[in-house]
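Q: Please take a close look at the surroundings of the ligand, and then set out how the helices are arranged. I am new to this structure.

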Amino acid sequence: MASQYWFLIVFLLLLAVAFLAPLARRARRRPPERPTVTEARPTETAVVESPAVAESPAVVESPAVVDSPAVVAPSAVVEPEVERPEPTAGRLLRLRQRLSRSQGLVGRGLLALLARDRLDDDTWDEVEETLISADVGVEATRELVERLRAKARVLGTASATELRGLLADELVEALDPGLDRTLRASPHDGTPAVLLVVGVNGSGKTTTCGKIARVLVADGRSVVLGAADTFRAAAADQLATWAGRVGAEVVRGPERGDPAAVAFDAVRRGIDSGVDAVVIDTAGRLQNKVGLMDELGKVKRVVEKHGPVDETLLVLDATTGQNGLEQARVFTEVVDVTGVALTKLDGTAKGGIVIAVQRKLGIPVKLVGLGEGPDDLAPFEPKAFVDALLGDD
Ligand code: GDP
């Protein structure tokens, strides 16, 4: 009888095991309710976004910058297509139509004056007025017209074509064609060139940083961008988009973080990844000269712990005319500006501002912005510029 009970107990146990085993297996296979997400620890230092993730929500933090483990993108990251920017050679020539849109009248006006039968005092006064209204500046205009008059006198009755040639020569001369306009963006001693980009907000500074990255990539160089304008969140996003388009990296920090820390980390990232150049966008809050000096001065000092800054480019909005020159002067007093990028020359700006800028600041215009398109930034060439200004013969 007892053996019958034992048989029943064993049978029930086997039945229970057979019923529970599949349930246990299914429970083991079920995914957890939520994937574990590693939150990036907020940090005072910069965050490096890889080009692949610039457009995606994921952020890859550089191990060089933070101690916390990287937050890695979900597996399905869509790589943005890397663009091939237009070559820079001859860009100004290609973009001359943009310039002549607003400059045509000045050029045509000058040529019409010089085509008159008699070049009397009144005509020369009108030439002077036209140049002044084109933002060339009073002093530069007087000198230019004086030289032009003297040459025309020597030639006697010069033809309109000859006079056009003389005027073009004088304008090129006023643009100081001998100035070195090369962008110092080549690596040296195994470290990348460092370019600081400064200027007031709204001048087109961030856009120009993005365009410079394209200029460098077009010329076969590799770039890291530093978003040291931490006062405008949009500036860092804007820069990340520009960088992503050419497969470059952007180093950014927390909003309102220390711009100098971001600049420092950008250069360090540039050194670590062995790129040719690091382009740093800075904040352009013109609260007062002392504030600006503190801010930019610190950025420069901190960056210089890695080595010298090769180029400090001042971005200037050409449409602000002579007023912009005053703002520009403040920057030149605060940092050692080595070149000017003159933006928005495609709009209502007057071409003569290029002459005035160089003359007043004593700094070469190295780049000109001729539109909002990604490749609408051209290396400045005095002769091509004057030709565009005066239009075809
Ligand atoms: P930031 O505040 O100095 O960084 O200025 P942004 O880079 O944000 O540019 C301000 C505006 O100027 C944007 O709408 C740009 O597209 C525009 N901009 C920049 N450069 C040029 C240019 O050469 N031509 C034109 N037409 N607009 C430009």
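A: A residue counts as near the ligand if its C-beta atom, placed from the backbone, lies within 6 Å of it. On that basis 19 residues surround the ligand, and the closest are Gly204, Lys205, Thr206, Thr207 and Gly369. The model is predicted, so local features need pLDDT of at least 70 and side-chain atom pairs pLDDT 80 or more, whereas totals for chains, interfaces and linings use all residues. Residues are numbered from 1 along each chain as its sequence is written.

Helix α7 (residues 205-218) supplies the largest share of this shell, three residues; helices are DSSP runs (H or I, at least four residues), numbered from the N terminus. By class, the shell holds 12 polar, five charged and two nonpolar residues; Asp, Glu, Lys and Arg count as charged, Ala, Val, Leu, Ile, Met, Phe, Trp, Tyr, Cys and Pro as nonpolar, and the others, Gly among them, as polar.

Elsewhere, helix α9 (residues 259-273) packs with helix α10 (residues 289-303) at an angle of about 30°, their axes 8 Å apart. The two are therefore roughly parallel (an angle under 35 degrees). On the α9 side, the contact (C-beta atoms, placed from the backbone, within 7 Å) is made by Pro259, Ala260, Ala263, Phe264 and Val267. Helix α10 contributes Glu295, Lys298, Val299, Val302 and Val303. Eight residues of this contact are nonpolar, two are charged and none is polar.

Finally, helix α12 (residues 353-361) has as its buried residues Ile353, Val354, Ile355, Ala356, Val357 and Gln358; buried means that 20 or more other C-beta atoms lie within 10 Å of a residue's own, all placed from the backbone. Gly362, which follows α12, has a positive phi, near 65°.

Terms used:
Axes fitted to C-alpha atoms, helices over the stretch in contact; angles between N-to-C directions. Parallel < 35°, antiparallel > 145°, perpendicular 65-115°, else oblique. Contact = placed C-beta atoms within 7 Å. Buried ≥ 20, exposed ≤ 12 C-beta atoms within 10 Å, placed from the backbone.
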